[in-house]
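User: Hello! I am new to this structure and would like a close look at one part of it. Could you walk me through a single pocket, and then through what surrounds the topic?

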Amino acid sequence: YTISDAAIVGQTLTAQEVAGVNDTASLIFIFLQFAFGVSAGFCVVTSCNVGAHNPAGVRRSLTTQIVLSAALTVILTVLALLLLDPMLAWINVAKDSGAVYTAAFTYCAIIFAGIGAQLFYNFICSFLRSMGDSVTPLAFLLFSTVLNVGLDLLFIIVFRWGVAGAAIATVIAQALSAVLVLVVLTRTQGSYRIVWKGMRMDKGILRNMFWIGIPSALQLAITSFSNVFVQSYVNRFASSCMAGWAAYQKIDAFAILPMTTLSVSATTFVGQNVGAGNWDRAKQGIRTAMAMATVITLIILVPLMIFAGPLCSLFNQETEVIGYGVYFIRLISPFYLLANFNQIYAGALRGAGDAKMPMFIMLGSFVVFRQIYLYLTYRWFGTLLPVALGYPVGWVMCSVVLFFYYRSGKWMKRSFVVQ
């Protein structure tokens, strides 16, 4: 959604409006990552009960998940709107920034006002994936993404609503996705059919969901918050550098999809096999996911390195901006091969019910270590290279520590089958 918004805005609106939309991506990502972490808790509990062939536990997990998702959606929406101005200040987009601030505030305010649709959609889709159904969420997502692009063109080019049009198009498309998923779950005849009457939360399931979900949510949200500070260091350089970094981040969002989606798959696969008591098959699945992520990443890296320039030009036509974007892509993307380790292992450990240790390791690597590194290297050198390496050094640290923790076998200790 946000990439199509940025691409269409980049080709049709002013440089200030483009900067405003690009700057808000990291802020929106904080709340989406928190929701993604919470949904990981839902996914693990449901997956364990699926693997244990416990339909009663699956149904109780679904009802608990829907009620909790609705409550969290309201809380996160209100929190996002209240923190909008302070968060814009964190990334050096102050009120005196003129058109950039106006564009950023307008786009972000509309997205946050309707972010509940995307949050709720992600919560419910995590349930479907934990059942082994990733096709239904994909079908609805493809439909709504195409709709989003069409509405972008209509609202921006025809109606001339500018940045507001891009945000409204995204909210409408996301809301439709959420509604369609709920319709499917209400009409299905399977064990995961939604029965709205008498819906309530189960205390035992709720406790298990929080056991996994809260550490995962905190880790992902705080890591995303830390990424905002990486952007703040980049924003200390020229505006063309900032725009080049924004273009790199949009491309990065696609390039890392294999490792992130296989991480989610590993969570579900391990959770189902742990529920069935099959630890050997769970470990075999982890090895397979790692091999798949490595091969796919290698395949992606070749065209990414070769066509870095044309890819960056999708978001900005200025030669200097494209140059910075190419620099970031070719410097950082080879480290994706190492980032695979921390993503796959973290997802697998969550699936096994161990969410706290990945949280501590990732926060230590992505937040504490990375922030100390950025502060010291910028103070000592004040150049772009060490700042651009802020992401890779965190990935390397995290992957090494997670690898040795995984090899220790201390994560093989519990499952969340509901009795």
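Analyst: Happy to help; here is a walk through one pocket, followed by a surface patch and the cysteines. Please keep in mind that this is a predicted model.

Let us start with the second largest pocket, whose volume comes to about 400 Å³. Its lining is made up of 19 residues. Nearest the centre of this pocket you will find Ala15, Ala19, Ser239, Ala243 and Asn316. Two helices to look for here are H2, which covers 15–51, and H10, which covers 239–255. Each of these helices gives at least two residues to the lining. The largest share belongs to H2, with six residues.

Now turn to the surface. Val149, Leu153, Leu154, Ile157, Val158, Phe159 and Trp161 together make a nonpolar patch of about 580 Å². To find your way there, look for isoleucine 157 in helix H7, which runs over residues 135–158. Isoleucine 157 counts as partly exposed because its relative accessibility is 43%, which falls between the cut-offs of 20% for buried and 50% for exposed.

Finally, a word on the cysteines. The structure holds zero disulfides. Two residues to look at are cysteine 125 and cysteine 398. Cysteine 125 has a relative accessible area of 0%, so it is buried. Cysteine 398 is buried too, again with a relative accessible area of 0%.

How values were computed:
Residues numbered from 1 in each chain as written. Predicted model: local features only at pLDDT ≥ 70, side-chain atom pairs only at ≥ 80, totals over all residues. Heavy atoms only, no water. Patch = residues over 30% accessible without salt bridge, like charges linked within 9 Å, V, L, I, M, F, W, Y side chains within 5 Å. Areas by Shrake-Rupley, 256 points an atom, 1.4 Å probe, with all protein chains shown as cover. Salt bridge = Lys/Arg side-chain N within 4 Å of Asp/Glu carboxyl O. Helix = DSSP H or I, 4+ residues; strand = E, 2+ residues; numbered from the N terminus. Buried < 20%, exposed > 50% of the residue type's maximum accessible area, 1.4 Å probe, protein only. Disulfide = S-S within 2.5 Å. 1 Å grid on protein atoms, 1.4 Å probe; cavity = no way out; pocket = protein on both sides within 12 Å on 5 of 7 lines; lining within 4 Å. Points joined across faces, edges and corners; volume = space filled by probe spheres on them.
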